[in-house]
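This report was prepared in response to a request for a structural description of a single protein chain. The sequence and the structure are shown first, and the description is given under short headings.

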Amino acid sequence: MFTGAAVLLGVSAGQAQAAEVAYATKCVPPSGIGLPDVNGTTKVEITVPATAKVGDTVDVVWKFTQAASKNPDIIDLPANSVQPSGTLKAAGAQTADIAMQGPRENPAIPKGGAMTLSDMKGTLKLTAAGQVTLTPDAYVVNALSTDTKCAPTEAVQPAATITVTAGEGSSGSASPSTSPDPSQSQSASPSSSASGTPGTSPSASETGGDSGRTDFTGKVVDIPYTCQSPIGEKKATSPIQINAKKNGGSYDLTVQFKKSVMDSPIDIPAGKVKPTMQIVLGGADQGSVTVEGPLNSAPIPQNDPIEIPDLRGVYKPGATGESTLSPGVLTIEAMGTTTTCTPDSTAVSLTLDTAEQASGASGGSGSSSSSGGSTSTGGGLAETGSGDHGALKALGLVAGTAVLLGGAVFTFMPRKRAN
């Protein structure tokens, strides 16, 4: 083991050479997650041809033999969820910043386990005769949709050298050259799906007092959400509709999500996604009603839209008069992590003429866990980390699954329902 030193393996002319360099590194998680910077040692092995000619384009391979930090004790990282990218510095006969990137390929990494990063590859077009040295520089770890940035904290020694001879028709003069940039890592972030002004409060769409009516269709309302998580604050808007079917003195409720703005960045197994929502009652009635959806029955492939199915529950009125129903807090349990998202403001999707029922919802005494316009999901904090991190307030609706090198959280966005 050594730091700041390089070993060049002896090879004959033209053969690829592999060399390792170790250097002190600081990795910075995204701001707002409550985790400290990580100071560690990165060990990198660089493989390039030992010799080449001016005009050649050579392949360069960056292999991590040790990442600067381990996966913290927060969540298991699934297989094929981590992608590295970085910069390799060329110097000597020519200078260049070589863009390097690896595939999103890794074994499952348990909490506290060593980070396993794929080999990064890039290319360099040689433009001048002489010695060209290659030195590892900063790199980024994209764990699903969150970037953790790592950079050297000391001078790094070259890890490999290419002896470049003058090619036919070459002047041999040095000139800067950069390799074509590989496509950057896909870093998902929440985006608004609003089809109108967020938080608009439409008038009630239906009334339950029409003689003989049993089915009531709510309006689609755009609800702006603010989600707090270890990766900071996120905002997004989701169009939601609440429908009801009268069943005796109660109502069978169905909540539908109308649009998806996010594909799944990883493969999610069947039976791992469970959504729940609190519908906020207003007008004559007070409190909230819980609706929930089934577990996903089929796996969700990577890059496929994540669908939140219809959420269902029963509303038993606790008051007589016009009662309003509005979307509230959404909670999603996914792969062992509970996430929540709270609306900045809500809007009435459905108004019903209700008749008070014994043990109804008024004042939060029914299925409600709150009163007035405030809802509760029964604790609000999800224990997703070790004792060092305490209870992480989860992130819930809006974006896809996000896991980072220094912290993790799952988030989901609804998919447009099939007609």
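The sections below proceed from the whole chain to its cores, its aromatic rings and several individual residues.

## Overall architecture

The structure is a predicted model. The protein chain contains 22 strands and 0 helices. Of its 419 residues, 48% are buried.

Contacts in the chain frequently span long stretches of sequence: among those between residues at least 6 apart, 71% join residues at least 24 apart. The accessible surface amounts to about 17200 Å², and carbon and sulfur atoms account for 48% of that surface.

## Nonpolar cores

The largest nonpolar core has 40 residues, and the members that touch the most others are Ile46, Trp62, Leu124, Leu134 and Tyr139. At least two residues of this core are supplied by each of the strands E2 (16-28), E3 (38-49), E5 (57-66), E6 (82-92), E7, E8, E9 (130-143) and E11 (160-165). Strand E9 provides the largest share, with 5 residues.

Leu134 illustrates how such a residue is surrounded. Beyond its neighbours within four places in sequence, Leu134 is in contact with Ile46, Val48, Val60, Leu88, Lys89, Ala90, Ile98, Leu124, Pro158, Ala159, Ala160 and Ile162. A second core, separate from that one, comprises 31 residues, among them Val221, Ile223, Ile240 and Phe257.

## Aromatic pairs

The model has 5 aromatic pairs. In one of them, the ring centres of Trp62 and Tyr139 are 6.3 Å apart and the planes meet at 75°; because planes over 60 degrees apart count as edge-to-face, this pair is classed as edge-to-face. Trp62 belongs to strand E5 and Tyr139 to strand E9, so the pair ties together parts that are 77 residues apart in sequence. Trp62 is buried at 0% relative accessibility, and Tyr139 is buried with a relative accessible area of 3%.

Tyr139 also pairs with Phe64: the ring centres are 5.0 Å apart and the planes lie at 65°, so this pair too is edge-to-face. Here the link runs between Phe64 in strand E5 and Tyr139 in strand E9, 75 residues apart. Phe64 is buried, with a relative accessible area of 9%. Ring pairs thus link Trp62, Phe64 and Tyr139 into a cluster.

## The buried asparagine at position 106

Asn106 lies in the loop between strand E7 (96-101) and strand E8 (120-125). With a relative accessible area of 5%, Asn106 counts as buried, because the cut-off for burial is under 20%.

Which backbone atoms lie at 3.2 Å and 2.8 Å from the side chain of Asn106? The side chain reaches the backbone oxygen of Pro78 at 3.2 Å, and a polar atom of the side chain lies 2.8 Å from the backbone nitrogen of Ser81. Apart from neighbours within four places in sequence, Asn106 is in contact with Pro78, Ala79, Asn80, Ser81, Val82 and Thr116.

## Strand E17 and its surroundings

In a regular strand the side chains alternate between the two faces of the sheet. Strand E17 (residues 311-315) shows this alternation: Leu311, Gly313 and Tyr315 point to one face and are buried, whereas Arg312 and Val314 point to the other face and are not buried. Strand E17 runs antiparallel to strand E14 (residues 250-257), and 5 bridges join the two. Tyr251 stands opposite Tyr315 of strand E17.

Gly293 is located in the loop between strand E16 (287-292) and strand E17. Gly293 is buried, with a relative accessible area of 2%. Between Gly293 and Gly313, which are 20 residues apart in sequence, the C-alpha to C-alpha distance is 9.0 Å. Leaving aside neighbours within four places in sequence, Gly293 is in contact with Lys274, Pro275, Pro309, Asp310 and Leu311.

## Isoleucine 332

Ile332 is placed in strand E18 (residues 321-334). Its relative accessible area is 0%, and Ile332 is therefore buried. The C-alpha atoms of Ile332 and Lys274 are separated by 5.5 Å, although the two residues are 58 residues apart along the chain. Lys274 is also one of the residues in contact with Gly293.

Key:
Residues are numbered from 1 along each chain as its sequence is written. This is a predicted model: local features need pLDDT of at least 70, side-chain atom pairs count only at pLDDT 80 or more; totals for chains, interfaces and linings use all residues. Side-chain values use heavy atoms; hydrogens and water are left out. Helices (H or I, at least four residues) and strands (E, at least two) are DSSP runs, numbered from the N terminus. Buried means under 20% relative accessible area, exposed over 50%, partly exposed in between (1.4 Å probe, protein chains only). A polar contact is a pair of N or O atoms within 3.5 Å; within protein, one must be able to donate a hydrogen and the other to accept it, and residues adjacent in sequence count only if both atoms are side-chain atoms. Contact means heavy atoms within 4.5 Å. Two strands pair if DSSP finds at least two bridges between them. Accessible areas come from the Shrake-Rupley method with a 1.4 Å probe; for residues, only the protein chains shown count as cover. A nonpolar core is a set of buried Ala, Val, Leu, Ile, Met, Phe, Trp, Tyr and Cys residues joined through side-chain atoms within 4.5 Å. Rings of Phe, Tyr and Trp (its six-membered ring) pair if their centres lie within 6.5 Å; planes under 30 degrees apart count as stacked, over 60 as edge-to-face and the rest as tilted.
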